[in-house]
Every structure is written in structure tokens, then in C-alpha cells.
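This report describes the salt bridges of a single protein chain. The sequence and the structure are shown first.

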Amino acid sequence: MEKQPTAAQQTAHDLFQGGRLNESLRIFHRLCALTAGDPDVRLKIALIYERQGEFLKAAEQYRVLAEHYLREGAILQSYEYYQTVLRLLPTDLDTLGRIIG
């Protein structure tokens, strides 16, 4: 069963869709703190940072997602997020070592 977004998530999503990235980011950061780093919320934060050209910040969010899914045993999903980190930061030796490793 797919979980329904909260009113705050919907507002943040609408702001994101409307290009109001800074406002959306503020809401998603608050939601992330309130939801103990919900992966869906963290993904939105990563996407916003990426869209803003903040590749280091986006990569950090993707790295946290990769580690989360690795702990959950979702190896393929974890690998995909590590690949995203490398797409943003091709010289990130730590992430490269985790993938090869």
C-alpha cells in the first residue's frame, strides 16, 4: 500500500513543481527532521539540491540514501544511489571504493 503524503509534503511538492525550490527545501528539511530521515523526503531534498546545482549537498543526501538502503538489505537500490553520487562527483574515491569493494 502506497503511503499518502501529508499536507506539508504536498505543499512542499507543489512548491517544488512550481519552481519555488528554496521554500520547498525549507519544508522538506523540517519534514526530514520530524520523520527521522524518511527516504522519500530525503530524496526530494537531494533532487532540489541537484536542481540548484549544489552537487556536493545533493551527493551527501544520495549517499545517506544509499547507506540507508544498504542497511535495509536493498542492495540494488543502494547501488543505484551510490552511482548517482558518482555521477555528481566522479572523483569521490570513498563512494567508488564502496561500489568496487
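## Arginine 98 and glutamate 67

In this predicted model, a salt bridge forms between the side chains of arginine 98 and glutamate 67, with an N to O distance of 3.9 Å. Because arginine 98 belongs to helix 6 and glutamate 67 to helix 4, the pair ties together parts of the chain that are 31 residues apart in sequence.

Both partners fall in the intermediate class of exposure. Arginine 98 is partly exposed, at a relative accessible area of 44%, and glutamate 67 is partly exposed as well, at 25%.

## A network around arginine 63

Glu60, Arg63 and Asp92 are joined into one network by salt bridges that share partners. Within the network, the side chains of arginine 63 and aspartate 92 meet at 2.3 Å, N to O. This pair links distant parts of the chain: arginine 63 is in helix 4 (residues 55–72), while aspartate 92 is in the loop between helix 5 and helix 6 (93–100), 29 residues apart. Arginine 63 and aspartate 92 are both buried.

## Glutamate 50 and arginine 87

A further salt bridge pairs the side chains of glutamate 50 and arginine 87 at 2.8 Å, N to O. Here too, distant parts of the chain are linked, with glutamate 50 in helix 3 (residues 39–51) and arginine 87 in helix 5 (residues 75–88), 37 residues apart. Glutamate 50 has a relative accessible area of 18% and is therefore buried, the cut-off being under 20%.

## Overall count

The salt bridges number six.

Methods. Residues are numbered from 1 along each chain as its sequence is written. This is a predicted model: local features need pLDDT of at least 70, side-chain atom pairs count only at pLDDT 80 or more; totals for chains, interfaces and linings use all residues. Side-chain values use heavy atoms; hydrogens and water are left out. A salt bridge is a side-chain nitrogen of Lys or Arg within 4 Å of a carboxyl oxygen of Asp or Glu. Helices (H or I, at least four residues) and strands (E, at least two) are DSSP runs, numbered from the N terminus. Buried means under 20% relative accessible area, exposed over 50%, partly exposed in between (1.4 Å probe, protein chains only).
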